[in-house]
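Open the model in your viewer and keep the selection panel at hand. The tour moves from one selection to the next.

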Amino acid sequence: MFVQPSLKVLVAAGESDNAAPLLAYLNGLPQVRVTVLPQVPQAIEKTDVVVTVGDVLPPDPPGGLKDFVAAGGGWLLFNPPDGKLCAELLGVKWGPSGPAAELRVLFTDPRHRLAARLPDAIYLKGVHRPVDGVAADTEVILYADWHYRHIPVLVRRRSGRGHVAATTLEDYGHPVLQQILYRLMRRLAGQAEPERPIGVGILGYAPSVGQFHGLGVRHTSGLALRAVCDLSPVRIEQAQQDFPGLKTGKSADELAADPDVDLVIVATAPNTHAVLSLQMLGAGKHVVCEKPLALSRSETQAMLRVAEDGGRHLSC
């Protein structure tokens with residue numbers, strides 16, 4: 001079963017509130033715990049990733065932060081200062097901020113794991129910061145087009161057993177950048193993306209939506225269609241025609257017990273949504289339910305309670 005591991009993030013922001021939109025996004029993720037401090041403490045404990053914002057650091061970072069990274073921790077710098085620190089840590093020497101602009105930002109490698117299911121390019125409000133060389137062992141994750149040049153705007157480099165990353169992007173309210181930075185934090189914490197795709201089962205193969213759900217799963221990176229269940233032999237036959245070789249069944253119990261299914265799309269009659277969603281959540285599955293989610297507030301509250309208690313995703 002696919003469950004996001006917990007992520008503990010320590011943010012040292014000084015007096016800056018530039019990253020507030022991103023922190024709000026992170027605080028909205030149940031698996032993330034964010035602690036905000038004015039400065040980086042001398043000793044860093046019970047933290048997966050440290051984020052420093054702007055010039056909150058002295059020219060020589062605290063020894064505890066260096067030891068944390070050397071031991072396998074992750075450090076992410078937002079809008080890092082010019083000069084020696086970035087050159088030594090990241091192999092990149094950024095210059096001072098230039099004019100405000102709309103930046104066209106792209107992945108250096110469009111197949112990068114951080115790029116899954118994201119647009120090819122995003123447009124962000126920001127400033128141009130020139131770069132004077134990039135070390136051979138520095139990974140340039142994102143670049144911005146600037147006067148026919150590719151300017152690094154998000155980089156990562158190994159340091160001891162850990163990694164250090166930095167970005168000059170500041171449009172922290174942009175939803176795609178938020179996803180990229182969250183995924184990067186997970187990688188800095190050593191939380192690699194799952195090797196296998198998320199297995200999806202469809203419960204209720206209605207003529208109006210069954211095939212559309214299946215095609216959507218098939219064409220979404222990171223998802224795999226594993227099974228379809230329906231009480232109707234006619235609908236099961238249609239599913240087998242639409243997706244030859246797909247596992248099919250007649251009972252919700254079969255889907256609930258299938259170890260290859262991580263997430264269930266509930267597409268049955270509305271008066272069954274609550275009971276079937278509760279059954280799937282109780283079996284440890286994530287649930288995406290067709291609308292309406294339920295027929296009463298009490299049903300909805302029961303579904304939310306079971307999903308939260310089990311750490312499972314529930315959406316409509």
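**Stop 1: a helix across strands**

Select helix H8 (residues 273-282): H8 lies across strand S12 (198-203), strand S15 (263-266), S16 and S17, and runs at about 160° to S16. Helices (H or I, at least four residues) and strands (E, at least two) are DSSP runs, numbered from the N terminus. Axes are lines fitted to C-alpha atoms, for helices over the stretch in contact (heavy atoms within 4.5 Å). Angles run from 0 to 180 degrees between N-to-C directions.

This is a predicted model, where local features need pLDDT of at least 70, side-chain atom pairs count only at pLDDT 80 or more, and totals for chains, interfaces and linings use all residues. Residues are numbered from 1 along each chain as its sequence is written, and side-chain values use heavy atoms, without hydrogens and water.

**Stop 2: the open sheet**

Now show six strands in the order S14-S13-S12-S15-S16-S17: they form an open sheet with parallel pairing. Two strands pair if DSSP finds at least two bridges between them. The edges are strand S14 (247-249) and strand S17 (314-315), each pairing on one side only. Zoom in on strand S16 (residues 286-289), which is joined to S17 by two bridges and runs parallel to S17. Val287 stands opposite Leu314 in S17.

**Stop 3: strand S11**

Select S11 (residues 162-167). Is S11 mostly covered or exposed? Mostly covered: six of its six residues are buried (under 20% relative accessible area, 1.4 Å probe, protein chains only). Gly162, Val164 and Ala166 fill one side, and His163, Ala165 and Thr167 the other.

Add strand S4 (residues 74-78), which runs parallel to S11 and is joined to S11 by five bridges. Trp75 has Val164 as its bridge partner. Then add S10, joined to S11 by six bridges and antiparallel. Ser159 partners Gly162. S10 and S11 form a hairpin with two residues between them, and Gly160 in the turn has a positive phi of about 65°.

**Stop 4: the cavities**

A cavity is a set of points on a 1 Å grid over the protein atoms alone where a 1.4 Å probe fits but cannot get out; lining residues have an atom within 4 Å of a point. There are two cavities of 30 Å³ or more.

The largest holds about 50 Å³. Select its lining, which includes Val105, Phe107, Asp120 and Ile180. S6 gives the largest share, three residues.

The second largest has a volume of about 40 Å³. Its lining includes Leu103, Arg129, Trp146 and Thr168. Strand S9 (139-146) and strand S10 (149-159) each supply at least two residues.

Terms used. 1 Å grid on protein atoms, 1.4 Å probe; cavity = no way out; pocket = protein on both sides within 12 Å on 5 of 7 lines; lining within 4 Å. Points joined across faces, edges and corners; volume = space filled by probe spheres on them. Buried < 20%, exposed > 50% of the residue type's maximum accessible area, 1.4 Å probe, protein only.
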